[in-house]
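Here are my comments on the model, set out as numbered points. Please read them with the sequence and the coordinates open.

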Amino acid sequence: ITATSAVLNWSPVTSAASYTILYGAAGFDPATSGMSATSSVDSVTISGLNPASFYDFYVMSSCGVAGVSDTSQAGTFVTGCAAIAVPYTQNFDNTPAGNTTTPSMPVCWTYHKYSTAAQTFYSYGYTYNSSTYASSPTNSFRFYMSSSTIADDDSLFTVSPEIGGMDTTDKMMTFSAREFYTGTYSGKLWYGTMSDPTDKSTLSI
């Protein structure tokens with residue numbers, strides 16, 4: 001799967017001479033909408049898709065004089081990420097709330113946590129539903145850093161998708177953040193760029 005194409009596969013039907021594949025945005029009704037493709041084998045490549053989008057697909061087999069089968073159950077897939085055009089805003093309001101073990105990220109965002117300690121992570125991050133702490137109406141992304149000395153080297157990262165058009169000097173990125181703690185412990189919030197969103201060593205601050 002790429003940002004604009006996907007290879008779809010299904011279980012072959014022995015008597016099938018060909019297949020018709022119906023596909024469209026997640027939730028579409030194959031009886032009234034969607035696009036179609038045909039294949040003589042049990043796979044097909046479709047293109048012209050939108051990046052970072054959810055799709056459903058259905059398969060019908062044509063068995064010659066025996067006729068055409070009913071549509072299969074829906075298969076689902078999501079296309080890959082492409083550079084996002086500016087202007088771009090992300091406030092997490094359209095992202096389901098997560099919890100301490102499930103961060104729940106927007107599509108094409110990634111989350112990482114690192115520690116060199118042998119113990120279980122004491123820190124975590126997740127999409128947080130609370131209008132009290134959000135800069136937007138409902139959601140924010142919450143970082144929790146433990147004050148335990150065991151967690152001293154814990155690092156939490158959220159990584160946005162690549163944003164296009166940032167190679168000129170006429171662009172600006174802004175963030176809203178707040179620290180909430182009643183004690184003396186103070187964490188650090190850094191931002192920067194990464195050439196590889198899966199490798200923290202590529203972070204440039």
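In which loop is Ser 104 found? I take this up in the first point, after the reminder that the model discussed here is a predicted one.

1. Ser 104 is found in the loop that runs between β6 (75-78) and β7 (110-114). Its relative accessibility is 17%, and because buried means under 20%, Ser 104 counts as buried. Leaving aside neighbours within four places in sequence, the residues in contact with Ser 104 are Thr 95, Pro 96, Ala 97, Gly 98 and Thr 127.

2. The loop between β6 and β7 also holds Pro 87, and the peptide bond that leads from Val 86 to Pro 87 is cis, with omega near 0°. Phe 92 is placed in the loop between β6 and β7 as well, and its phi is near 70°, a positive value in a residue other than glycine. Cys 108, again in the loop between β6 and β7, has a phi near 75°, which is likewise positive in a residue other than glycine. Phe 92 is buried at 10% relative accessibility, and Cys 108 is buried with a relative accessible area of 18%.

3. Turning to the aromatic residues, the count comes to 13 aromatic pairs. One of them joins Tyr 111 and Phe 141, whose ring centres are 5.9 Å apart and whose planes stand at 50°, so the pair is tilted. Since Tyr 111 lies in strand β7 and Phe 141 in strand β9 (residues 139-144), this pair ties together parts that are 30 residues apart in sequence. Both Tyr 111 and Phe 141 are buried. A second pair to inspect is that of Tyr 124 and Tyr 126, where the ring centres are 6.0 Å apart and the planes are at 25°, so this pair is stacked. Tyr 124 counts as buried at 19% relative accessibility, and Tyr 126 is buried with a relative accessible area of 8%.

4. Which residues form one aromatic cluster with Tyr 111 and Phe 141? They are Phe 92, Trp 109 and Phe 143; the cluster thus takes in Phe 92, the buried loop residue with positive phi discussed in point 2. Elsewhere, Arg 142 lies over the face of Tyr 128, at 5.1 Å from the ring centre.

5. Ala 37 has its place in strand β3 (residues 35-39), and with a relative accessible area of 16% Ala 37 is buried. Its contacts, leaving aside neighbours within four places in sequence, are with Tyr 19, Thr 20, Ile 21, Tyr 23, Val 44 and Ile 46. By way of orientation, the C-alpha atoms of Ala 37 and Thr 89 are separated by 35 Å, the two residues being 52 residues apart along the chain.

6. On the surface, Val 86, Met 166, Met 173, Phe 175 and Tyr 191 make a nonpolar patch of about 540 Å². Val 86 of this patch is also the residue from which the cis peptide bond to Pro 87 starts. Is Met 173 buried or partly exposed? With a relative accessibility of 47%, Met 173 counts as partly exposed, and its place is in the loop between β10 (155-159) and β11 (193-194).

Terms used: Residues are numbered from 1 along each chain as its sequence is written. This is a predicted model: local features need pLDDT of at least 70, side-chain atom pairs count only at pLDDT 80 or more; totals for chains, interfaces and linings use all residues. Side-chain values use heavy atoms; hydrogens and water are left out. Helices (H or I, at least four residues) and strands (E, at least two) are DSSP runs, numbered from the N terminus. Buried means under 20% relative accessible area, exposed over 50%, partly exposed in between (1.4 Å probe, protein chains only). Contact means heavy atoms within 4.5 Å. Rings of Phe, Tyr and Trp (its six-membered ring) pair if their centres lie within 6.5 Å; planes under 30 degrees apart count as stacked, over 60 as edge-to-face and the rest as tilted. A charge sits over a ring if NZ of Lys or CZ of Arg is within 6 Å of the ring centre and within 35 degrees of the ring normal. Patches are made of residues with over 30% relative accessible area and no salt bridge: like charges are joined within 9 Å, nonpolar side chains (Val, Leu, Ile, Met, Phe, Trp, Tyr) within 5 Å. Accessible areas come from the Shrake-Rupley method with a 1.4 Å probe; for residues, only the protein chains shown count as cover. A salt bridge is a side-chain nitrogen of Lys or Arg within 4 Å of a carboxyl oxygen of Asp or Glu.
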